[in-house]
Amino acid sequence: MAEKRRNSAFWYRLAMGLLFAIVVIYTAYHLFSLFFSDDVSTIVSGVTTERVTVGGDGYVFRDETLLYSRNSGGVDYFVGDGEKVSSGQALANVYQKGDGSSDRAMIALLDEQIALLEECSGDNVSASDLSALRKSASDTYFTLTGLLASGEAGELDYQIEKMMLPLSKISVITSGDDSIKESLTALRAERKRLLSGEYEAVFSTKSGYFYSTVDGYEGDFTLSAAKELDGEGFYELLASASEKSENKSDGVYGKLAPNSKWILMLPLSIADAEGLGEGETYNVNFPENNNTTIPMTVERKVASEKTREIIVSLSTNRLPDNFVLERCMTAQIERSSVSGIYVPRSALVRHEGENGVYILRGSVVRFRRIDIIYQGDDYFLVAERDDKDGDYYYLGSNELIITEGNNLFDGRILD
């Protein structure tokens with residue numbers, strides 16, 4: 001009996017020992033997996049530019065001549081807004097019949113719809129284009145969702161119009177173009193109804209840039225005014241312009257600018273205006289105008305004692321395609337910029353007392369030094385260098401930066 005109890009105790013101790021050994025091996029395995037796991041996350045290094053901007057709502061000054069007709073009805077324009085015209089060129093037919101402003105807005109809308117449908121009909125669409133059209137619509141859709149998520153509304157109209165064309169073409173390919181033809185017939189009939197009766201053919205008397213839109217302030221916001229106004233005079237002009245009704249006289253069908261020069265007068269705080277030098281050229285972004293960026297030169301800066309602001313006058317002679325000159329526009333001046341390789345904060349490591357990152361070359365972990373030149377909330381910009389400092393190279397472009405990993409060291413080989 002005693003021997004049987006000894007045998008039982010032996011087997012019990014053996015079982016417990018094996019169980020303990022299994023626990024130790026299991027724990028060691030998971031600790032090894034935790035600290036020596038080959039699972040790493042990487043990003044490709046590349047150059048990013050961080051811009052420092054100042055801005056607000058500015059006002060456009062330009063020399064413009066109003067164009068008149070003896071009629072004040074609908075207008076059939078032959079040239080587009082911003083198009084350069086020559087002396088004697090036909091500009092439009094101005095009809096006697098109709099309500100000028102409302103009919104002109106309706107005709108402009110009809111022309112947009114007709115142009116879109118014409119692009120989607122006949123030989124302009126092919127079943128072989130279906131894949132490319134779907135990709136175009138998809139890319140624009142994701143651009144739209146990004147704009148909505150960021151709250152940037154400036155490009156929404158442009159991107160929506162951009163998406164309409166491939167969607168309409170897809171509709172024609174998949175369901176036929178009978179509906180397109182019917183819609184075109186109806187739209188053209190409505191356009192013909194609005195533009196009927198007697199009209200006056202109008203021609204340009206000189207060369208310049210034509211615009212169909214008129215706001216009534218063309219005589220006040222001139223280049224000479226922009227060059228002469230002081231700070232208080234600028235605000236007095238804005239106050240007088242807001243008090244009076246828009247002076248759109250009967251018979252005005254457009255305006256003509258003799259050249260492409262225009263000035264933006266932009267009020268800034270004293271701190272924001274500091275450092276903007278007269279005669280210096282800066283990139284100015286217009287977020288509500290498809291985020292168009294235009295180089296503009298600071299002509300002068302004037303102070304307003306009343307508002308404690310500096311009004312900066314910026315001039316340019318550039319008129320990009322599809323750029324709409326509104327009287328008041330939001331603008332952002334790029335005061336400075338810094339470019340460097342983007343490094344997430346999670347990738348930063350200290351090695352031998354130096355800042356750096358680990359990269360992956362093939363299956364080998366390597367240390368790269370970094371020279372930080374800009375610090376963001378959760379990232380750095382580092383100088384783009386291709387030289388070596390001591391035993392280690394600096395981080396370059398197109399390298400795989402390790403952003404997450406365990407027990408990393410220079411020379412480690414990942415399986």
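Let's start with the open sheet. Four strands form it, in the order β3-β9-β8-β5, and the pairing is antiparallel. Keep in mind that this is a predicted model. Which strands sit at the edges? They are β3, residues 65–68, and β5, residues 83–85, and each pairs on one side only. From one strand to the next, the twist averages 40°.

Look at the β5 edge. β5 is joined to β8, residues 208–211, by three bridges, and the two run antiparallel. V85 stands opposite G208 of β8.

Now the nonpolar cores. The largest one has 21 residues. Which of them touch the most other members? W262, L268, F286, M296, V312, L314 and I333 do. Six strands each supply at least two residues of this core: β2 (47–61), β10 (262–269), β11, β12, β13 (309–316) and β14 (328–344). β10 gives the largest share, four residues.

There is a second, separate core. That one has 15 residues, including F221, L223, A225 and L237. Hold on to F221; we will meet it again among the rings.

First, back to I333 for a moment. What does I333 contact, once neighbours within four places in sequence are set aside? One group is V52, T53 and V54. Then come L266, L268 and L276. Y282, N283 and V284 are on the list too, and so is L314. L268 and L314 are also among the core residues I named for touching the most other members.

On to the aromatics. The structure holds 13 aromatic pairs. I will show two.

Pair one is F61 with F221. The ring centres are 4.9 Å apart and the planes are at 50°. Tilted is the label, because the planes have to be over 60 degrees apart to count as edge-to-face and under 30 to count as stacked. Where do the two residues sit? F61 is in strand β2, and F221 is in the loop between β8 and α6 (223–228). So the pair ties together parts that are 160 residues apart in sequence. Both F61 and F221 are buried.

Pair two is F367 with Y392. Here the centres are 5.2 Å apart and the planes are at 80°, so this pair is edge-to-face. F367 lies in strand β17, residues 364–369, and Y392 lies in strand β21. The parts tied together are 25 residues apart in sequence. Buried or exposed? F367 has 1% relative accessibility, so it counts as buried. Y392 has 11%, and Y392 counts as buried as well.

Two more ring items. Y59, F234 and Y235 form one aromatic cluster. And R385 lies over the face of Y394, at 3.7 Å from the ring centre.

Last topic: backbone angles. Most residues other than glycine have a negative phi. Two asparagines here go the other way. N290 has a phi near 60°, a positive value. N398 also has a positive phi, near 60°.

Where are they? N290 is in the loop between β11 (281–286) and β12 (292–304). N398 is in the loop between β21 (392–393) and β22 (400–404). How accessible is each one? N290 has 23% relative accessibility, so it counts as partly exposed. N398 has 67%, so N398 counts as exposed.

To tie up the places: β11 and β12, on either side of the N290 loop, each supply at least two residues of the largest core. β21, which comes before the N398 loop, carries Y392 of the edge-to-face pair.

Terms used
Residues numbered from 1 in each chain as written. Predicted model: local features only at pLDDT ≥ 70, side-chain atom pairs only at ≥ 80, totals over all residues. Heavy atoms only, no water. Buried < 20%, exposed > 50% of the residue type's maximum accessible area, 1.4 Å probe, protein only. Pairing = 2+ DSSP bridges. Axes fitted to C-alpha atoms, helices over the stretch in contact; angles between N-to-C directions. Core = buried A, V, L, I, M, F, W, Y, C linked by side-chain atoms within 4.5 Å. Contact = heavy atoms within 4.5 Å. Phe/Tyr/Trp six-rings, centres within 6.5 Å; stacked < 30°, edge-to-face > 60°. Lys NZ or Arg CZ within 6 Å of the ring centre and 35° of its normal.
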